[in-house]
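Trainee: Hi! I'm new to this one. Could you walk me through it?
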Amino acid sequence: TTIWERWNGWTKEDGFFNKAKALAEISKALEEEGYIYPVTTLSGVVLGLVQKKLLGRKKVEGRWVYGK
């Protein structure tokens, strides 16, 4: 399973992004499933998903959160 396959599962099946998540929360969830990615790596990946309109983002209390 790749990071992209896991992301598709989260968005389509698990509802992981039904509630907005910060990068640290995304990183922790991936780590719990055995995927170790530093937040600095995830930021570019998640931003790419936002740019492709596969994920939304908004600023909450000075930090970006990501969700549907």
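Mentor: Happy to! Two strands pair if DSSP finds at least two bridges between them. Helices (H or I, at least four residues) and strands (E, at least two) are DSSP runs, numbered from the N terminus. This is a predicted model, where local features need pLDDT of at least 70, side-chain atom pairs count only at pLDDT 80 or more, and totals for chains, interfaces and linings use all residues. Residues are numbered from 1 along each chain as its sequence is written, and side-chain values use heavy atoms, with hydrogens and water left out.

Trainee: Okay, so what's the bridge partner of G56 in β2?
Mentor: That's G67. Strands β1 (residues 56-60) and β2 (residues 63-67) pair in the antiparallel sense, over five bridges.

Trainee: And which residue takes a positive phi in that hairpin?
Mentor: E61, near 50°. The hairpin has two residues between its strands.

Trainee: Switching to α2, which residues are buried there?
Mentor: In α2 (residues 23-32), L23, I26, S27, A29 and L30 are buried, meaning under 20% relative accessible area; exposed is over 50% and partly exposed is in between (1.4 Å probe, protein chains only).

Trainee: Why are they on the same side of α2?
Mentor: Because they cover an arc of only 165° around the axis, taken from the directions from the helix axis to the C-beta atoms. On the other side, K28 and E32 are exposed.

Trainee: Where does A20 lie?
Mentor: In the loop between α1 (3-14) and α2. Leaving aside neighbours within four places in sequence, A20 is in contact (heavy atoms within 4.5 Å) with E25, V65, Y66 and G67.
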